[in-house]
Amino acid sequence: MSRWTLPEPMRLALSEAKAGESAGEVPIGAVVVKHGTVIAAAHNQPRGLHDPTAHAELLAIRAAALALGNERLDGCELWVTLEPCAMCAGAIAHARIDRLYYAAADPKGGAVEHGARVFEHEQCLHKPEVYSGMGETEAGELLRDFFSNRR
């Protein structure tokens, strides 16, 4: 899918990923949308914040919860450039995100379609609708370039 045909939230998530890359972070971006309005956007910041939990998804979820004044993000969508890890998938379930859109699959660290498959567990109390692949090429290129430049 061409970058120009990507939905606006994924384009914004990719822009956030690039901002993270510019700050020396792994280029992952996330955006929370409710009823077509962007509520929050963030990029990875574990290095900058000295916080191993400062993944783009968690930062965007936290900002959205503050903006909405509610820890439950009912009616919200999360758009992210990489398949969420187990920590982020757990946060997505606890936040009650309705829909998750992610660009690139992560066979090594992902926990939605790979690894732990968090949403498939009986103990998972909320399962969002999941859509993958939109922006996969763009997100994959960002990540490949980032890591190849550091090797």
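This is a short tour of a predicted model, going from selection to selection.

**Stop 1: α1 against α5**

Start by selecting helix α1, residues 8-22, and helix α5, residues 136-150. Their axes sit 10 Å apart, at an angle of about 5°. Anything under 35 degrees counts as roughly parallel, so that is the label α1 and α5 get. Now show side chains where the two helices meet: Leu14, Ala17, Lys18 and Glu21 come from α1, while Glu138, Ala139, Leu142 and Phe146 come from α5. Sorted by class, that contact has five nonpolar residues, three charged ones and no polar ones.

**Stop 2: Pro27**

Stay in this area and pick Pro27, in the loop that runs between α1 and β1 (29-34). Is Pro27 buried or exposed? With a relative accessible area of 1%, Pro27 is buried. Leaving out residues up to four places away in sequence, Pro27 touches Ala17, Glu21, Thr81, Leu142, Leu143 and Phe146. You have just seen some of those names: Ala17 and Glu21 on the α1 side, and Leu142 and Phe146 on the α5 side, of the helix contact. For a distance to check in your viewer, try the C-alpha atoms of Pro27 and Arg144: they are 117 residues apart along the chain, yet separated by 9.8 Å.

**Stop 3: Val31**

Move along to strand β1 and click on Val31. Val31 counts as buried because its relative accessibility is 0%. Which residues does Val31 contact, once neighbours within four places in sequence are set aside? The list is Pro9, Leu12, Ala13, Val38, Ala40, Ala41, Glu77, Leu78 and Trp79. Another C-alpha pair to try is Val31 and Ala42, eleven residues apart in the chain and 6.5 Å apart in the model.

**Stop 4: Glu77**

One of those contacts of Val31 is Glu77, so go there next. You'll find Glu77 in strand β3, residues 76-82. Glu77 is at 15% relative accessibility, and it therefore counts as buried, the cut-off being under 20%. What do the polar contacts of its side chain look like? Show the side chain of Trp79 and you get one at 3.0 Å; show the side chain of Arg99 and you get another at 3.3 Å. Beyond four places in sequence, Glu77 touches Val31, Val32, Val33, Ile97, Arg99 and Tyr101.

**Stop 5: α4 and its cover**

Now select helix α4, residues 86-95. How many of the ten residues of α4 are buried? Seven are, so the helix is mostly covered. Colour them to see the set: Cys88, Ala89, Gly90, Ala91, Ile92, Ala93 and Ala95. Their cover includes α3, β3 and β4 (99-104). Just past the end of α4, look at the backbone of Arg96, which takes a positive phi of about 65°.

**Stop 6: α3 against α4**

Finish by adding helix α3, residues 56-68, to your selection. The axes of α3 and α4 are 9 Å apart and meet at an angle of about 20°, which means that these two are roughly parallel as well. Their crossing is left-handed. On the α3 side the contact uses Glu57, Leu58 and Ile61; on the α4 side it uses Met87, Cys88, Ala91, Ile92 and Ala95. By class there are seven nonpolar residues, one charged and no polar.

Definitions and conventions: Residues are numbered from 1 along each chain as its sequence is written. This is a predicted model: local features need pLDDT of at least 70, side-chain atom pairs count only at pLDDT 80 or more; totals for chains, interfaces and linings use all residues. Side-chain values use heavy atoms; hydrogens and water are left out. Axes are lines fitted to C-alpha atoms, for helices over the stretch in contact, and angles run from 0 to 180 degrees between N-to-C directions. Helices (H or I, at least four residues) and strands (E, at least two) are DSSP runs, numbered from the N terminus. Angles under 35 degrees count as roughly parallel, over 145 as roughly antiparallel, 65 to 115 as roughly perpendicular and the rest as oblique. A crossing is left-handed if the near helix is turned anticlockwise from the far one by less than a right angle, and right-handed if clockwise. Contact means heavy atoms within 4.5 Å. Ala, Val, Leu, Ile, Met, Phe, Trp, Tyr, Cys and Pro count as nonpolar, Asp, Glu, Lys and Arg as charged, and the others, Gly among them, as polar. Buried means under 20% relative accessible area, exposed over 50%, partly exposed in between (1.4 Å probe, protein chains only). A polar contact is a pair of N or O atoms within 3.5 Å; within protein, one must be able to donate a hydrogen and the other to accept it, and residues adjacent in sequence count only if both atoms are side-chain atoms.
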